[in-house]
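These are my notes from a first look at a structure that was new to me. I wrote them down in the order in which I looked things up.

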Amino acid sequence: MTFQPLPTITDDTAPFWDGGAVGELRINRCRKCRTWFHPPAPVCPDCLSMDVGPEVASGKATVAAFTINVQPWAPDMEVPYVLAIVELDEQRDVRLMTRMVDCAPDQIAVGMPVEVTFQAVDDIWLPLFRPAVTSSPKES
Amino acid sequence: MSNAHSHVGERDAVISGIGQSPVGRKLGRTGISLTVEAALAAIADAGLTRDDIDGLSSYPGAVDSSPGMSPVGVPELKDALRLKVNWFSGGGEVPAQLGAVFNAVAAVSCGLANHVLVFRTVTESSAQTAGRRASVVGSGGARVSGPMQWMVPFHAVSAANWVGMYAQRYMHEYGLQREHLGQISVNARRHAMLNPRAIFREPLSLDEYMNARMVSWPLGLYDCDIPCDGSVAIIVSRADAAADLRKVVRIEAIGSALHGRDSWDQRADLTTMAAHDAAPMMWARTDLKPADVDSAHLYDGFSYLCLQWLEALGFFPKGEAAGFLAAGESRIGLGGELPLNTNGGQLSGGRMHGYGYLHEACVQLRGEGGDRQVAGAEVSVVGAGGGPLAGCMLLTADR
Ligand SMILES: [Zn+2]
């Protein structure tokens with residue numbers, strides 16, 4: 001797909017958007033109470049500590065909702081494609097809206113375990129998700 | 001019973017006049033031309049003159065980045081009419097589209113102005129003709145920032161995608177079917193056929209709804225509203241400054257709350273929206289109940305958003321949309337228990353972005369609905385917005 005809008009990178013969001021270069025899904029976390037939160041912000045939404053920063057999440061998640069986009073919104077868009085809101089295994093109220101890959105439209109389901117995979121475009125590594133195929137190190 | 005709020009300041013304000021330009025596809029007119037026509041109509045409707053208007057308010061202010069979405073801001077109308085205002089406000093960081101009305105209500109209630117002209121203008125249909133699709137974020141090629149950066153790079157570029165995900169989760173959770181959403185679309189068309197100013201006026205059957213092309217599952221073509229050109233203006237007046245005006249509609253209560261996160265993807269319960277925050281606030285400011293509502297005018301930019309408003313406002317218990325909507329016309333039709341979107345909504349009437357509902361609620365409460373009049377309408381509810389955006393108003397007839 002050549003239609004590919006990209007995000008503006010800021011100091012706060014750079015760790016999220018370039019973590020894929022080293023295969024890391026980086027999500028902000030409070031160093032005091034250990035709460036994860038997204039999008040990045042300078043303060044913990046739970047304890048209000050400002051001692052926060054990006055940490056590496058497992059990249060494991062669960063599908064919370066999905067849609068199958070059929071309409072081509074730009075001339076060079078390939079359809080259909082599957083969009084999802086996924087909940088991170090670390091903390092279920094931390095969610096990412098994402099596009100699914102290696103996932104047929106009739107395969108997607110709420111509750112499906114998924115894992116991150118990165119697509120590099122220019123200076124951005126987009127965290128896309130696919131049906132979980134690998135087991136995490138702590139499980140093996 | 002007493003209200004939880006000691007002072008319900010919105011009752012110090014009224015809607016004293018309404019105006020609407022032609023609303024249609026590719027009207028070939030500028031935004032300011034449509035706006036002036038609506039504004040002059042509203043001023044005349046109220047029985048006021050240009051010199052009486054001492055406040056201006058609009059949503060979301062002039063927007064250059066999204067063609068046709070809001071071509072006219074407060075400064076342009078102020079200058080065109082050479083208004084001498086004591087208070088004015090325009091912008092998008094408010095409780096959805098009606099936020100500009102709430103601001104006007106606050107301004108007159110605290111005495112900063114007597115008669116505020118509130119307007120909303122769109123030329124999205126003409127913008128589409130010019131080859132630029134206003135509703136597709138990121139199509140301009142520039143980098144995206146703010147909340148859009150968490151959705152658009154993944155090709156979640158349209159509100160149809162975002163709303164589609166919420167609708168899918170509700171279906172998963174509560175057994176909603178597309179047929180039930182279709183009742184909202186078919187109902188809107190039924191009412192549009194009775195409204196000479198609606199855009200789509202040919203009959204629409206549930207079969208046609210079901211067989212139409214898919215946009216973003218579970219939302220199909222007829223779950224999505226129609227971009228249009230048009231302008232709506234209303235006059236919000238201080239109640240005691242409007243004592244001798246003849247077409248007053250009273251403001252019983254406003255709901256402007258947003259307790260959940262201001263985000264399409266981080267809301268704790270994906271089967272609710274900001275409407276579930278705004279609506280309880282509105283009901284807490286009045287002794288009226290959902291059963292008192294004679295007509296409902298609820299945002300149907302997508303059919304599913306209308307379902308969310310119905311649920312948030314308490315017209316059925318959480319999760320029971322399917323049973324409520326299955327009754328179809330006998331429930332939400334003109335002669336039904338809760339006549340819904342009597343002008344055809346945005347699904348068949350055109351995307352006036354929240355202001356068509358407010359205009360129509362006033363029409364109903366003034367008994368001016370003609371073929372689509374709800375007999376004896378005295379209480380109407382208006383709700384606008386979807387996702388993290390919501391604002392609602394309970395309006396009553398001046399009787
Ligand atoms: Zn903390």
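Entry 1, the interface. I take buried area as the accessible area, found with a 1.4 Å probe, that two parts lose on being put together, summed over both. I keep in mind that the model is a predicted one. With that meaning, I find that chain A and chain B bury about 3,500 Å² between them. Of this area, 58% is on carbon and sulfur atoms. I then looked up who takes part: chain A brings 42 residues to the contact, and chain B brings 38 residues.

How many salt bridges does the rule find across the interface of chain B and chain A? I find 1 salt bridge there. I noted a salt bridge between the side chains of Asp123(A) and Arg143(B), at 2.8 Å from N to O. For polar contacts, I find 24 residue pairs across the interface of the two chains, with both residues at pLDDT 80 or more. I next asked which elements of chain B supply the side that touches chain A. Helix α5 (159–174) and strand β5 (214–216) of chain B each give at least two residues to that side. The most comes from α5(B), with 8 residues.

Entry 2, the zinc site. Which protein residues are donors of the zinc ion? I list Cys30(A), Cys33(A), Cys44(A) and Cys47(A), each through SG, at 2.3 to 2.4 Å from the ion. Along the chain these donors follow the spacing C-x2-C-x10-C-x2-C. Cys30(A) lies in strand β1 (residues 25–30) of chain A, and Cys47(A) is in the loop between β2 (36–37) and β3 (52–57), so this pair ties together parts that are 17 residues apart in sequence.

I checked the geometry as well. The 4 donor atoms make angles of 103 to 117°, and the site is tetrahedral. For reference, the ideal angle for four tetrahedral donors is 109.5 degrees.

Are the two ends of the pair buried or exposed? Cys30(A) is buried, with a relative accessible area of 0%. Cys47(A) is partly exposed, at 30%.

Entry 3, the backbone. I looked for unusual torsions, since most residues other than glycine have a negative phi, and most peptide bonds are trans. In chain A, the peptide bond from His38(A) to Pro39(A) is cis, with omega near 0°. Pro39(A) sits in the loop between β2 and β3 of chain A. In chain B, I find a cis peptide bond between Tyr59(B) and Pro60(B), with omega about -5°. Pro60(B) belongs to the loop between β2 (55–58) and α2 (74–81) of chain B.

I also noted positive phi values. Leu48(A) has a phi near 65° and is not a glycine. Leu48(A) is in the loop between β2 and β3 of chain A, and it is exposed, with a relative accessible area of 60%. Asp122(A), also not a glycine, has a phi of about 50°. Asp122(A) lies in the loop between β7 (113–121) and β8 (124–131) of chain A, and it is exposed at 64%.

Entry 4, one strand residue. I picked Thr62(A), which lies in strand β4 (residues 60–69) of chain A. Its relative accessible area is 17%; the cut-off for buried is under 20%, so Thr62(A) counts as buried. Leaving aside neighbours within four places in sequence, Thr62(A) is in contact with several residues, among them Ile85(A), Val86(A), Met112(A) and Val114(A).

Notes: Residues numbered from 1 in each chain as written. Chains lettered and ligands numbered in written order. Predicted model: local features only at pLDDT ≥ 70, side-chain atom pairs only at ≥ 80, totals over all residues. Heavy atoms only, no water. Donors = N, O, S within 2.8 Å, 3.2 Å for Na, K, Ca; no water. Tetrahedral: all angles 85-135°; square planar, octahedral: opposite > 155°, others 65-115°. Buried < 20%, exposed > 50% of the residue type's maximum accessible area, 1.4 Å probe, protein only. Contact = heavy atoms within 4.5 Å. Salt bridge = Lys/Arg side-chain N within 4 Å of Asp/Glu carboxyl O. Polar contact = N/O pair within 3.5 Å; in protein donor to acceptor, adjacent residues only side chain to side chain.
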